[in-house]
Number of protein chains: 2
Amino acid sequence: MSKKIIEPLSVDSVIFGFEEASLEVLLIKRAIKPSFGMWALPGGFIRYDENIDQASARVLEERTGVKGLFMEQLGAFGEVDRFPLGRVITVVYYALVKPGQYKINPGPDASDARWFNVKQLPELPFDHLKILERSLSRLRQQLKYKPIGFNLLPDKFPLLALQELYEAIYDVEFDKPNFRRKIMKMNLLIPLNEKQTGVAHRSARLYKFDKKRYDSLTEKGFIFEM
Amino acid sequence: MSKKIIEPLSVDSVIFGFEEASLEVLLIKRAIKPSFGMWALPGGFIRYDENIDQASARVLEERTGVKGLFMEQLGAFGEVDRFPLGRVITVVYYALVKPGQYKINPGPDASDARWFNVKQLPELPFDHLKILERSLSRLRQQLKYKPIGFNLLPDKFPLLALQELYEAIYDVEFDKPNFRRKIMKMNLLIPLNEKQTGVAHRSARLYKFDKKRYDSLTEKGFIFEM
DNA sequence: TCAAAAGTGTTTGCAATACACCCATGC
DNA sequence: GCATGGGTGTATTGCAAACACTTTTGA
């Protein structure tokens, strides 16, 4: 595979995770200039023989070890002076990873990588803060009418985990009984014959997302709405 | 102003208009190779001294004569073989124009330009059909919770025009009294002391969109929803 | 037996829907 | 007078919000 890159074009990734009931984003500590040593979004350049989706998927796999991560394009960012060393336009993707199914790898251009709570971000270089804010608002928007939140949860989860996910991302609180009913009425969850273990209270039933059912309902005009 | 361009990067515009109660898109007839003579989306290259928004705004003004058209970025399209003469990634914007406030100009690379009903499109070159479909679905999505539909109507319009706009774009029918009440309850329209003229029925009151009120309501957490 | 979360039941009020009806205008 | 759209009134229904309540588990 040729590694010849398209010079004025990069991809950057906003990787979201949900850990300890709060929304987190994966940042890398830059080991290259410019902005050496700063925490920043992971990224890379686009090669001549791959499309932009593939470039983004490659970067995501490099950093998380996961193939086929959920990702979606946010858009292109192209202020004239956004990158100090030259005119580089970047295409941004945001991605969602499930807890415990990845292995963080800083990559060749970074000395470290870790999760940051989206409410406690370090100073970011270039236009990365703007990119992150836009990703977050797109995520919030998408979550309202697409069931992509399941990509932030383990395959099997109790209902409260789903509720906490929405509460953390929108910074609101829901009534548990009502939330429960709303979700169950959609018929998008498959109840499992498994329960939580090791909790200091009544253990909850686990569910998994029924993607097939969602797809078939969507074809019939069903619209997911939170 | 330097006209030096960034070679592997173009902008394309999906310009929507609302004419005769149906949603239309502006296409140009290509007067350059490749795909000479085909109807296609208008576009151009990005210059070194402008950001991508500016590049898109420039293209939009070239074709419609209107400065400051409503526009929003759809995203970047970058299949390896999308353009036959070389690797060109394009950043797409969709724009909305009000009836009668523009003057169509094919531009230097086209021999003609005209509106096409989105349901009766000619054959399009490259990935332009995919781009158009994605623009349309983004437009439908955005229209649901942002009052951008007013950018497709004249400044002064009767309520039925707004209803017809939503009906045409979503291909549904609404109950007139209910639609009316729903809109009026939002308090986003300023009733004018003007009426339609030259219609063969009772003339309707005209309204204009109250952008200031929308902005202030939005700050307070109001969410527009159709 | 207490804390904490799981899970059920029920009341209430708002808002979308459906539809009957009268009003104004041009031909 | 009749066709066409403008515009108002009102009954019905469904559903989301609020909250009281019982159940299960671990410590």
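Helices (H or I, at least four residues) and strands (E, at least two) are DSSP runs numbered from the N terminus. This is a predicted model, in which local features need pLDDT of at least 70, side-chain atom pairs count only at pLDDT 80 or more, and totals for chains, interfaces and linings use all residues. Residues are numbered from 1 along each chain as its sequence is written, chains are lettered from A in the order in which they are written, and side-chain values use heavy atoms, with hydrogens and water left out.

**Exercise 1.** Determine which helices supply at least two residues each to the surface near DNA strand D.

*Solution.* Step 1: a residue is near a strand if one of its heavy atoms lies within 4 Å of it. By this rule 19 residues surround DNA strand D, the closest including Asn178(A) and His201(B). Step 2: α4 (176–186) of chain A and α4 (176–186) of chain B each supply at least two residues of this surface.

**Exercise 2.** Identify the group of DNA strand D that lies 3.0 Å from a polar side-chain atom of Arg181(B).

*Solution.* Step 1: a polar contact is a pair of N or O atoms within 3.5 Å; within protein, one must be able to donate a hydrogen and the other to accept it, and residues adjacent in sequence count only if both atoms are side-chain atoms. Step 2: the partner of Arg181(B) is a base oxygen. Arg180(B), by its side chain, lies 3.2 Å from a phosphate oxygen.

**Exercise 3.** State the area buried between chain A and chain B.

*Solution.* Step 1: buried area is the accessible area (1.4 Å probe) that two parts lose on being put together, summed over both. Step 2: the value is about 1,900 Å², with 57% from carbon and sulfur atoms. Step 3: on the chain A side, Asn51(A), Ala76(A) and Arg87(A) lose the most area to chain B, together 23% of what that side buries.
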